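Subject: Structure for you to look at

Hello,

Here is the structure I promised to pass on. Please open it beside this message and follow along.

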Amino acid sequence: MNRDNASDLVAFLAVARERNFTRAAAKLGMTQSALSQIVRNLEERLGVRLLNRTTRSVTPTQAGERLFLSVGPKFTEMDADLAELSELREKPAGTIRLTSTEYAAAEILLPALGKLLPKYPDINVEVIIDYGLTNIVAQQVDAGIRPGELVAKDMIAVRVSPDLRMAVVGSPSYFADRKRPKTPQELTDHNCLNLRLPTHGGSLYAWEFEKNGRELNVRVDGQLVFNSAGLLLDGALKGLGLAYLTQGHIQQHVSEGRLVRVLADWCPPFSGYHLYYPSRRQPSPAFTLLVEALRYRKK
């Protein structure tokens, strides 16, 4: 079907449906005279009259009624198909790849995804647990979740949690025959559970403290080294040593007596977790929904 025939058929169908040139012209966004001429041209090409015109009414002829009944449903079906395609284009879909620490993934990301994904079954999310400062551009990752102070200045950063605090904890059994440290320097007398981070060139993570404007980074020592915060927590719960974790990680265990917190006055709040991604990124509908689902809002 050539373009002229298609557009002329649309014009004819509008008139046949409305039984009125004025109303049909208004729906098509053209003048009544232009619409009348289009229908007349179609009739001349087909060699049959399609409409009976009087001053009071417009009705299809036998040929017009036959054309209306055979072609009309096909155009309606095509309109429906086009509408479905448009809906698919606008429907949030696709795979989003994120890098996150284990704690942020469990406590921040999963609760947000639990509300978002059931509403949008065509959105998929891949979570990569990583304690390093992943180059999300080079690694083809869409975004990362890290404490705000670690996010590069050229990234867009969206806060996804309240401020954080670190905590030093040990089990009651660990402290059964040991004194609780009152200053970070006293940690040298304790068996501490170390964390090895790729961010620091594979070296052990120094525990960071601050009090009254005085900052201390303490290189602790101990029998065990992990590369997972989850294992640090398990080790502390089993009495294997002191662990340095986020407060949210250990709060329930402290409240229920499974862990004892020390040096709380040396662990002030710091910038909470942020979702970060390149400023030049053009967000997809799916990614925009994820950002809004994660965005932190004070209660």
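Below is what I found in it, beginning with a sheet and moving on to a pair of helices.

Please keep in mind that this is a predicted model.

The sheet is an open one, built from three strands in the order β12-β7-β13 with antiparallel pairing. Its edges are β12 (243–246) and β13 (260–262); each has a single partner strand, so one side of each lacks a neighbour in the sheet. From one strand to the next, the twist averages 45°.

If you look at the pairing of β7 (residues 166–170) with β13, you will find three bridges between these antiparallel strands. For a place to start, try glycine 170, which sits opposite valine 260 in β13. Helix α7 packs on this sheet and touches β7, β12 and β13, with its direction at about 105° to that of β12.

That same α7 (residues 247–255) also has a helix for company: its axis and that of α6 (residues 229–237) come within 11 Å and cross at roughly 20°. Angles under 35 degrees count as roughly parallel, and α6 and α7 are therefore roughly parallel to each other. The crossing of α6 past α7 is right-handed.

Which residues in α6 and α7 meet? From α6 come Ala229, Leu233 and Leu237, and from α7 come His249, Ile250 and His253. Sorted by class, this contact of α6 with α7 has four nonpolar residues, two polar ones and no charged ones.

Happy browsing, and best wishes

Methods:
Residues are numbered from 1 along each chain as its sequence is written. This is a predicted model: local features need pLDDT of at least 70, side-chain atom pairs count only at pLDDT 80 or more; totals for chains, interfaces and linings use all residues. Side-chain values use heavy atoms; hydrogens and water are left out. Axes are lines fitted to C-alpha atoms, for helices over the stretch in contact, and angles run from 0 to 180 degrees between N-to-C directions. Helices (H or I, at least four residues) and strands (E, at least two) are DSSP runs, numbered from the N terminus. Angles under 35 degrees count as roughly parallel, over 145 as roughly antiparallel, 65 to 115 as roughly perpendicular and the rest as oblique. A crossing is left-handed if the near helix is turned anticlockwise from the far one by less than a right angle, and right-handed if clockwise. Contact means heavy atoms within 4.5 Å. Ala, Val, Leu, Ile, Met, Phe, Trp, Tyr, Cys and Pro count as nonpolar, Asp, Glu, Lys and Arg as charged, and the others, Gly among them, as polar. Two strands pair if DSSP finds at least two bridges between them.
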